[in-house]
Amino acid sequence: MIRSGSRIIVILLAVAVVGLCLFGVIKLAKQRRPHARTFVSAPGKTVPLDDWIPEQALAVLEVGGADKIVELAFDPAFTGEKSFWSQWKPSALGWTLFRRQLEKEMGCDYPTMWHRLVQDGVTVASGPNQSFVAVAQASDAEFLKKLNNVLVTATRKDAAKKNATNRVVEATYRDVTYWTLSAGAAYHAIISNRVVLANQLPALKAVLDCQADAGAGSLAKRADYQAAKHAAGGVATLRVSPELRQFLAKPKADGAQEQNPLAVLLLAGYTEALKADTGWLALGADLQGQALSLRVAADCAKPKGATAFSWPAKSDDGAWPNLDVPRKIAALSLYRNLHDFYATKDTLFPERTSQLIFFENMMGIFFTGRDLTEEVMGAVDPHIRVVVAEQQYDPAIGTPVVKMPAFAVVFRMKNPKRFARISEEAWQKAFGLVNFTRGQQAAAGMILDRKDHAGLRYTFASFSPDDEPDRPKLDVRFNYSASVAHVGEYLIFSSTTQLTEDLIAALRKPAPAPLDGVNALLEIDGARLAEILDLNREPIIRGNMLKKGQERAAAETEHNNLIAIARFLGHATLNLGAPDGKVAGELTFNLHGPARKQTAMLKP
Amino acid sequence: MNLTRREFLRASALAAFLPPVLCRAAFAAGDGHTVLVVVQLSGGNDGLNCVVPYADDEYAKHRNTLRLSAREVLKINDQLGFHPALAEWKRLYDQGLASVVQGVGYPRSSRGHPEAARDWQTARPGDVNWPTGWVGQIADQVCARDSAAVPVALITPFTHPIALTAERAIIPSVRKIEDAAWPASALRPASGNPLLDYVHTATVVASGHSRAIQAAASRTGNYPATPFANGLRITANLIRADVGLRILYLELGGGDIGGFDNHAGQKDNHAALLRQFAGGVAAFMDDLRRDGLAERVLLLTISEFGRTLIENGRRGTDHGAAAPVFLAGGRLKPGLIGAHPDLRALDNGAPRHHTDFRNVYATVFERWLGLDSQAILGEKFEAIDLFCS
Amino acid sequence: MTWTPHQQPWDRTRAAHLFRRAAFGANQSELERALSDGPAKTIDRLLKPAADVAAFNREQDACETLTLPELRGWWLRRMMATPHPLLEQVTLFWHGYFGVGFNRVNHADLMRAHVRTLRAHALGKFDALLGAIVRDPAVFLAAGGANNPKALPNEYFARQLLLHYTVGDGQFAPRDVTDTARAFTGFHVRGGKWRDVPSDHDAGPKTIFGQTGPWTPLDFARLAAKQPATTRRIVRALYRQFISEEQGPSDDLIEPLARSFAADLDIGKLVATMLHSQIFFSSPAQRVKSPVELAVGICRTLGVTVPTLPLGAELAELGQDLYQPPTLKGWPGGRAWINHATIIGRTRLVTRLLGNKKLFDAADPASPEFQLA
């Protein structure tokens, strides 16, 4: 028989166990209520919000440095009276009043509100059926709650005034309250210090599902998305899903592929790489001080096959740094193996258009029947450089009304002794033909001559201004004094003698080291570009009036905006290639600033 | 709108008993009439490398880099063979759906692109002032009877060819089949204003046509992915829709001076063009045959001149004179028509013609389109035997 | 029905009809003003607007470049913005009348100069216009008159001048052809420039239209302009342009106008007489709008400017390629504008230009009525 004392102990034990169980149940129940949590970010780090983005997302924009974007957006350059954005700002009085009211109730100004709203990051994603969701992590839950209350109350009042009964709707899904303030045009929900916005109810519900299921069915669990995460920007990254890429890359119905040989020469390598890459495509943006950089990284190696001509064959080879000349507007340095390019033309551009055949006929004449692929294209090596520079006009000759920049192409000859003579002959034939044709049309011809410069003799063709009555207002042809020059192993074709002489000086400097893995380097000086646009405003504006049917005032505004953007973007550098074997590109703007020193491409 | 096969056969059987004049009238009016598809090979096609006299020593002697050997050509007989890129064309040829008229040209050609192209397209060689093209003249003839008719269309244009210059008729260009889409229009009673009624009737007929064209486009066949083949696809759809088009005009070689003008590096470029040509025409004929339309269609190539026998040292050839004319269709007398020009009796380095292109035109105008050729050509040219009965 | 000024009540319909025929179309305010001003004053203002037309045209001239698509675009823009639309209507009429096209001329600068010449004389004196025409290199190139050597007078060119530009078919004798050709000897067009070579000119006596003298091209113009056959042709052509394309007018109807036109050769006055007349106002929906009239009409009525570079190409597809009439006979017009293909293109053009705007003017844009003026 159990003594009565043990019976009491058993009862006490039972009560204790039940009590513990009850306690445990209550504690668990409390944990299941998510609005009790707060999401915390480590200082200076962006919180990944992809555990809330459904995995069917087609494109995802992750913005980490939201504070920088907010600063940029509210920069006086953008928000001022005569700024670029002023044409789109809502100017209604109602909006201004509402904004003031909001600031009063929230106790901080409008830009700060935005800053706090997206402080720890925001991610926007687009999904099937034209749905969009956005998830933002704000500074704190209280702020969000207050902001939400203010907006909901204000909208309810406004809706009541206008008798729009369906405008504000409040409902619950999986223990989360959500609202629409626009009768279903957009939905939003608040969980602790995160806010979710969606343009369709199913999309909102999908996000809430991810949230409630601790990230199941979200991008956080999608392997290929996580694999692409290493290719991030700093401020923002856009990732495009394989599904969307496939859809965008679908060939057109009438089988039209890019047939322009020049476009194929420049771009075929990249389009081939993008087609081969089957993962998420990442495009990142970063803002460091005055430098805005955009990066794209494809998760694929440089392709072989027909487009191999555009990739450096050897691992430490690549395009050379750009040439430096006074008043440079733009410069392009390429690595393109012209021989291999033209040898695969049947695959790359099968159309035999009138222009292509005419080009080949002319080259056949200029190069005296030599095989175009083997003996002409094959005579230069893949390092090609192009320069565009502003001209300074000689007052003794005069100034044209339309001011065109000077441009030049520089090749490196494989066999300088032989090809220098061949190319000289070809150039002379070409300009002789131009002269002859101009004569047939009763247009003024050029004089071909040679001159010495810095110990080098080169040939040029220029127009004589002797018969011109109006020297400060010459015809556009006086922009050109075409020339050909050979500097050691370099071959220069230029549109002005001034640029030729500047290039002779530049090419006499020691040979540059190639930029590892880069196959295209483009630099544009925004300020100088803006100057050229400004100098030629009249013809450009007239052309716009005709092409777009604008009135003069509108065309002038557009032109001024273009100039302002060019000035704002400052110096731009585009770097494309395959460093480390993976195809990538970087576009950098040195906002408002002068040229940056050329560096190798930043590794992703 | 379409005649059934039996009706058509009955009509043609009847036509065989009618005197020629009435026969022509039956051709010109009503549905189910014949269609001419003109393919302009811009630049001057090198006929010697299309229909190759591979066994001739003169050919081997003068074509150093462009020579096609007996092994490479697709043999027609023991003297001549087709360029290997014309494999699809050879298939049509063997099926009796294609023929070649050899040695076509005209006297005293200047051998310059604009002049020779003008000569072939106005059919008035040497007359620099002739204002209209032969296709335009035919369009004008039809429009004189019915202002609202559209007997000619230009498919996927590059430059506007002189052949289509007309005094009155407005010839539409068709780039996509969707261009012809138009919603249905209901008929209204006559308003008493004849001009208004004319416009209204034209609208109703046009919308009827557009529905026929959209329906025809849904039954299109398989074509290679080249712009030329796409143009032929549009052509086949327009023929299938049976909206009264009699002549459809296409260009290969990109207009302007032309892609066939191979003065340098001819080998690969010419081969690429011939491959596009053969692939497109073969797909076109297969598409038509599927719907039993091949007997109503004749495809004719024109090119401003042939090219020289002797190469010019730049792996290309220069402007010549005579060249073959290619025909495709369901009612052709198959095979080679006319002898291959004698390579030992050249005319300034190029083969001499024995058939004037206007004889070919006269045949097509009279025996295919049922028109009075003398009115268009200005003189009487004898027809040649191109069609089977 | 005569050429006396019309006396019927002046209402919105008649005012709209006047503007459609003489000014491409009218916007709301122009129509209101016309209603209050009455027909006589409105027509006078259409012929001589108050605005500084010369300054406007000079400004437009400065914009014109030398590529054909751009010239086309600039002319369309000019038509849409001009304070003198009747001038542009009549310039376009003369462009079709002389049928000088870039396809024969091949020099854009000559074509540009040619249309400017037409504009300068469009509503002026016909003998001045014809005088400018016989010295216009574009005309020489278009009508086969690039070469006129003394040794072989260019009878083809002379025939074109007589047949298409002046007296017309059956109104000249073989002698007129040979002697007109001799009058033009020594005048050539080389490299796009007109050249006068006195040593190559046949200075002997020529008999043209029964008048003998040492005629030069300007004399030919003077003689031809005065011929009754010429004046009757011009009157008929303008009748077709402004009144009706459906039936040709009878000789009796034309005669009084032809006689008064022959007296002073004043084109402006002739046009004014036509516009004021009873016949003009009793002929609605008797002509088909040309593609240019269709497009420019809508743009002027709505007061919008559209991109004219692509519009020029679109109108060319519809059969009216500015600066390129197909032959010397110009654009036949009338029912020839409408066929089963162009009616689709025209209705599409109208729908696109209107967007979702409504025209206050009567007809429904998708209806056949809209295609007529």
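Select chains B and C together: the count between chain B and chain C is 2 salt bridges (a side-chain nitrogen of Lys or Arg within 4 Å of a carboxyl oxygen of Asp or Glu). This is a predicted model, in which local features need pLDDT of at least 70 and side-chain atom pairs count only at pLDDT 80 or more, while totals for chains, interfaces and linings use all residues. Residues are numbered from 1 along each chain as its sequence is written, chains are lettered from A in the order in which they are written, and side-chain values use heavy atoms, with hydrogens and water left out.

Next, pick R175(B) and E317(C), which form a salt bridge with their closest N and O atoms 3.6 Å apart.

Now select helix α7 of chain B, residues 194–217 (helices are DSSP runs of H or I, at least four residues, numbered from the N terminus). With 12 residues, this helix gives the most to the side of chain B that touches chain C.

Widen the selection to the whole interface. Here 35 residues of chain B are in contact with 32 residues of chain C (contact means heavy atoms within 4.5 Å). Among the residues of chain B, highlight N129(B), I170(B) and L195(B), which supply 24% of the area that chain B buries against chain C, more than any other three residues (buried area is the accessible area, 1.4 Å probe, that two parts lose on being put together, summed over both).

Finally, move to chain C and select helices α5 (residues 68–81) and α6 (residues 85–98). Their axes come within 10 Å and cross at roughly 145 degrees (axes are lines fitted to C-alpha atoms over the stretch in contact, with angles from 0 to 180 degrees between N-to-C directions). Show the side chains of W75(C), R78(C) and M79(C) in α5(C), which meet E88(C), T91(C), L92(C) and H95(C) in α6(C).

Note on methods: Helices (H or I, at least four residues) and strands (E, at least two) are DSSP runs, numbered from the N terminus.
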